[in-house]
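Trainee: Could you take me through a close look at one part of this structure? I would love a connected account of how the two chains meet.

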Amino acid sequence: MAVIDTRAVAHAKPETRQARTAWGLTAPALALMVLILLVPVFVAGVLSFSNYSLGNPGFDWVGAQNYERLFTRSTYEKMFIATFTYVVTVVPISVGLGLGAAMLVHSLGRIGDIYKTIYFLPVMATLLAMAIAWEFMLHPTIGMVNRTLAMACGTWAEAISFFKSGCADGFPLWLGDRDYAIWVVCFIGIWQGFGFNMVLYLAGLTSVHRELYHAAEVDGAKSAWERFRLVTWPALGPTTVFVVTISCIRAFQVFDTIEAFWPQGGGPNKSAYVMMFAIFEKGVQQNLIGIGSAITMLFLIFVMFLTLIQRWLVERRVHYG
Amino acid sequence: MTRDWLKHLILILGAIIVLAPFYMMVSYSFKSPGEIDRGEGGFFGRQEMMIDPRCVALRQPDRADIEAARSQFPGQDDAGVQSALLAETEAACSIRPAVFNYTKAFTEAPLLRYLLNGVIVTVSIFLIQIVVALPAAYALAKLRFWGREAVFGLVLFCLLIPVHAIALPLYIMLAKLGLTNTYAALVVPWTISVFGIFLMRQFFMTVPDDLIDAARMDGMSEFAIVWRVMLPTAIPALLAFAIFSIVAHWNDYFWPRIVVTGNRDLFTPPLGLREFKGDGDGSFFGPMMATATVIVTPLIVAFLIAQRRFIEGITLSGMK
């Protein structure tokens, strides 16, 4: 017995010891992952079927009532419209501008680096501070935007109906106007995010082989557009998948600008009432945790769905070359 | 060559739009309220002496002051003394607009405290992230143990969950523990960076096994290997991760907004700026833009100094 025992220990010792240290090394991370990431998802899932409020002793199960409200009340209809308007506007434009800027900067060589630096500045800057700066820029009377527009008054520009009405009755209120509010927020989202996409595309462009362009030219791709369509765009496939996904996830999470412009209510006539703001307003400010959790769950589903699509596309090897 | 001109033209137009709010922010932080209202003064404003209305209001001479000052102005009646005193006060209260804006930024609100909080929070988040993620990444990359695939699978799954999205349940849990309005609340949700684990694991996979075996031969424990062998090899990756983490948390507004309510001692810079804006009656554009400039400047300056590193760090997530 003793002989077998010692042999087993001598044999298994390094293995088990390594396993034990390995678990010891991963334990803190594992515990925090469960407590901080998984438990909250579970908690939100459970609470979304209740009418829980912080400070109340008890709560009732309300079934799918919270979800039912999300799909029937007009407030939440506005929430979905605002969120999707934002995502559908900001993602394609900021990806497109990012790609365009990257191609221009790349073709200019070293001089182009100065533009890279400038376009990346908004990515670094505190968004809340920049939102407040934009709010001043868009101030209806003393803002730089309307002052600049007013300079066009009395010139040929008045032929355009926008300037004509602007010069006569004043230029738009921008943030106070429900026709403009969400678009202004979209504009700032694009302003802030396209530099990030540009940098990712620049990294992608440096990895496109020069020979591919020569080969395409030999094959008869004479125009710049043909070369882009046949070489650049396919080579940038993986970058594009990644850029689009991360832009989507960031766009879904828009909050800072909305809260800075409209601390209450999410814009004129709730036209900029996006999901993150709704979670904050319902769940935290109004303590309606059931409905806040239901929005959280929907939000998680959207984001996970997007990331899964991305992983699936990457695994299919998006670059066709 | 002509095509290059066109490219520059487009890029310069873009640069003007990108820079406009920065230009305005810095410019307003130098200007007097009058110049801001009328939109004059170029970039720096004229920097004429201006009178701080609040300072004058605070030092309004009352009867006692007039009595006390009577001897200084012999042969004048009360009104004369009062106007002389007022002129003195105004002289004492006049100040260059740029100086006014920046002193107000630091005195109207405890901006230094906010900046310090920002540093405390971002640095603690980063250090804890490293302490938690590095050993786990090492184990996942270099140690063989039963369940490793499952743990790595969990890491990959957790990558799908953005912390901002689960802010509400996290807030409820912290509130239940009585932790809202503490530094802990600002730091705890960010202590686990699944992305950090993933990134460091990928990096450690490229470290040759011989290095680790040699360390084991020297009798180093696995724990010591993590900190004395793996950490030094990982410095470039860690630096990129540091920039990624610090930029994200210095600029974060959503999470602090949720867990810190009212207690100014815990405000991070963006919260402080928000409070400043809420307090302002509209005439405080100058000091507010000065505050914004102060908050934005550290990262921008660091970025301009170490551009390449920053771009690497921020786009790090592109390495997935």
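Mentor: Happy to! Let's start with a single pair: the side chains of A:Glu259 and B:Arg257 form a salt bridge, with 3.0 Å from N to O. Keep in mind that this is a predicted model. Between chain A and chain B the count of salt bridges is two, and there are also 16 residue pairs in polar contact, both residues being at pLDDT 80 or more. On the side of chain A that touches chain B, helix H1 (residues 2-47) of chain A gives the most, with 22 residues. By class, the residues on that side of chain A divide into 65 nonpolar, 14 polar and six charged.

Now step back to the whole interface. Here 85 residues of chain A are in contact with 93 residues of chain B. The area buried between the two chains is about 8,000 Å², and carbon and sulfur atoms give 80% of that area. Within chain A, the residues that lose the most area to chain B are A:Leu25, A:Met124 and A:Phe136, which together make up 9% of what that side buries.

One more spot, this time inside chain A. The axes of helix H10 (residues 224-235) and helix H11 (residues 237-252) of chain A come within 5 Å and cross at roughly 55°, so H10(A) and H11(A) are oblique to each other. From H10(A), A:Trp233, A:Pro234 and A:Ala235 meet A:Gly237, A:Pro238 and A:Thr240 of H11(A). That contact has four nonpolar and two polar residues, and no charged ones.

Notes
Residues are numbered from 1 along each chain as its sequence is written. Chains are lettered from A and ligands numbered from 1 in the order in which they are written. This is a predicted model: local features need pLDDT of at least 70, side-chain atom pairs count only at pLDDT 80 or more; totals for chains, interfaces and linings use all residues. Side-chain values use heavy atoms; hydrogens and water are left out. Axes are lines fitted to C-alpha atoms, for helices over the stretch in contact, and angles run from 0 to 180 degrees between N-to-C directions. Helices (H or I, at least four residues) and strands (E, at least two) are DSSP runs, numbered from the N terminus. Angles under 35 degrees count as roughly parallel, over 145 as roughly antiparallel, 65 to 115 as roughly perpendicular and the rest as oblique. Contact means heavy atoms within 4.5 Å. Ala, Val, Leu, Ile, Met, Phe, Trp, Tyr, Cys and Pro count as nonpolar, Asp, Glu, Lys and Arg as charged, and the others, Gly among them, as polar. Buried area is the accessible area (1.4 Å probe) that two parts lose on being put together, summed over both. A salt bridge is a side-chain nitrogen of Lys or Arg within 4 Å of a carboxyl oxygen of Asp or Glu. A polar contact is a pair of N or O atoms within 3.5 Å; within protein, one must be able to donate a hydrogen and the other to accept it, and residues adjacent in sequence count only if both atoms are side-chain atoms.
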